[in-house]
Amino acid sequence: MTPYADRGLITRQQWNGIISGNVSHLWLYGMAEFGYASDDEVPGILAEAAARDCRIRVLLLHPGYADIAAIDADEGSPGGTLAARTRAALARFGQMRRTCGRQMEIRTYNAPPTVSVVRGDDHMLVTPYLRFFVGSNSPTFEIRAESAGKMFSRYARHFRSEEH
C-alpha cells in the first residue's frame with residue numbers, strides 16, 4: 001500500500017494508469033468522479049475496456065441528494081457546485097456508455113458519501129472523504145490486491161454494498 005498525503009499529488013497519468021488495460025473490473029465510485037468524466041483520454045480507455053469484455057461500473061452521488069448543499073458548504077464551494085459537477089459527470093459518462101454498450105453501468109447512490117474508489121482489476125486508489133476538505137486535499141491510498149489483500153477486499157465489498 002502506498003499512502004499519499006493529498007490526492008492532488010497523484011498525476012493524471014497514474015489515475016489513468018489504474019483504469020487502462022483492464023480485463024475484468026473497472027470501477028469509478030465517488031461523489032462526481034469529475035476528473036475522469038472530463039478527461040479526454042477516458043472515453044477511449046473505457047471503450048477499449050468494454051471491447052475486452054471488462055465490466056465497467058460508475059457509481060456517483062445522486063445530484064438530488066438531500067444533504068448535497070452541506071457538502072458544498074463544508075468544502076467552501078458555492079451552493080450548487082457539487083450537484084452541477086455530478087450532473088455534468090453523469091451526462092458525460094452517459095455519452096461514454098453509448099459507445100461501451102452493456103459493458104458499462106452507471107448508477108447513483110443517495111446516502112452520505114464516505115469514500116472514492118477507483119479500481120482497475122487488482123489495483124485501487126481509495127480516498128476517504130474528510131469533512132472540510134476538498135477531494136484534492138484528502139489523503140489517498142494506492143492498494144494492490146497482492147500486497148494488501150484484506151484491505152483490498154474490504155473496499156471491494158464496500159463498493160458492492162453501495163451499489164444496492
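The questions and answers below walk through the sheet, helix packing and salt bridges of a predicted model.

Reader: In what order do the seven strands of the open sheet run?
Author: The sheet is open and its pairing is mixed. Neighbouring strands are turned by 15° against each other on average, direction ignored. The strand order is 1-7-6-5-2-3-4.

Reader: Which are the edge strands of this sheet?
Author: An edge strand here pairs on one side only. In the order 1-7-6-5-2-3-4, that describes strand 1 (2-4) and strand 4.

Reader: Is strand 2 and strand 3 pairing parallel or antiparallel?
Author: Strand 3 covers residues 55-61, and six bridges join strand 2 to it. Trp27 stands opposite Arg57 in strand 3. Gly30 has Leu60 as its bridge partner. The sense of the pairing is parallel.

Reader: What residue of strand 4 stands opposite Leu60?
Author: Strand 3 also pairs with strand 4, over six bridges in the parallel sense. Leu60 is the bridge partner of Gly30 as well. On the strand 4 side, Leu60 stands opposite Thr108.

Reader: How many bridges join strand 2 to strand 5?
Author: Strand 5 covers residues 115-120 and runs antiparallel to strand 2. Leu26 stands opposite Gly120 in this pairing. The number of bridges is four.

Reader: Which residue of strand 6 stands opposite Arg119?
Author: Strand 5 and strand 6 (residues 123-128) run antiparallel. Six bridges join them. Opposite Arg119 stands Met124.

Reader: Why is strand 2 largely enclosed by the rest of the structure?
Author: Buried means under 20% relative accessible area. Strand 2 spans residues 25-30. It is largely enclosed because the number of its six residues that are buried is five.

Reader: How many of the seven residues of strand 3 are buried?
Author: Strand 3 is mostly covered. Arg55 lies in strand 3, and Arg55 counts as partly exposed at 43% relative accessibility. The buried count for strand 3 is six.

Reader: What angle does the direction of helix 1 make with that of strand 5?
Author: Helix 1 (residues 12-19) packs on the sheet. Helix 1 touches strand 1, strand 2, strand 5, strand 6 and strand 7 (140-144). With the direction of strand 5, the angle is about 60°.

Reader: How is helix 4 oriented relative to helix 5: roughly parallel or roughly perpendicular?
Author: The axes of helix 4 (residues 68-75) and helix 5 come within 7 Å. They cross at roughly 115°. That makes the arrangement roughly perpendicular.

Reader: Which residues of helix 4 and helix 5 make the contact?
Author: The residues of this contact divide into four nonpolar, one polar and one charged. Helix 5 supplies Thr81, Leu82 and Ala83. Helix 4 supplies Ile68, Ile71 and Asp72.

Reader: Is Phe93 buried or exposed?
Author: Phe93 is found in helix 5. Leaving aside neighbours within four places in sequence, its contacts include Leu28, Tyr36, Val58, Leu60, Met104 and Ile106. Its relative accessible area is 0%, and the cut-off for burial is under 20%. Phe93 is buried.

Reader: How far apart are Phe93 and Ile106 in space, C-alpha to C-alpha?
Author: Phe93 is in contact with Ile106. The two are 13 residues apart in sequence. In space, C-alpha to C-alpha, the distance is 7.6 Å.

Reader: Which residue forms a salt bridge with Arg92?
Author: A search of the whole structure finds five salt bridges. One of them links distant parts of the chain, 52 residues apart: helix 5 (residues 81-100) and the loop between helix 2 (34-38) and helix 3 (42-51). Arg92 is partly exposed at 24%, while its partner is exposed at 68%. With the closest N and O atoms 3.7 Å apart, the partner is Asp40.

Reader: Which residues join Glu105 in one salt-bridge network?
Author: Glu105 counts as partly exposed at 25% relative accessibility. One salt bridge, at 3.2 Å N to O, reaches Arg55 and ties together parts that are 50 residues apart in sequence. Another, with closest N and O atoms 3.6 Å apart, reaches Arg107, which is partly exposed at 33%. The bridges share partners, and the network joins Glu105 with Arg55 and Arg107.

Note on methods:
Residues are numbered from 1 along each chain as its sequence is written. This is a predicted model: local features need pLDDT of at least 70, side-chain atom pairs count only at pLDDT 80 or more; totals for chains, interfaces and linings use all residues. Side-chain values use heavy atoms; hydrogens and water are left out. Buried means under 20% relative accessible area, exposed over 50%, partly exposed in between (1.4 Å probe, protein chains only). Helices (H or I, at least four residues) and strands (E, at least two) are DSSP runs, numbered from the N terminus. Two strands pair if DSSP finds at least two bridges between them. A salt bridge is a side-chain nitrogen of Lys or Arg within 4 Å of a carboxyl oxygen of Asp or Glu. Axes are lines fitted to C-alpha atoms, for helices over the stretch in contact, and angles run from 0 to 180 degrees between N-to-C directions. Angles under 35 degrees count as roughly parallel, over 145 as roughly antiparallel, 65 to 115 as roughly perpendicular and the rest as oblique. Contact means heavy atoms within 4.5 Å. Ala, Val, Leu, Ile, Met, Phe, Trp, Tyr, Cys and Pro count as nonpolar, Asp, Glu, Lys and Arg as charged, and the others, Gly among them, as polar.
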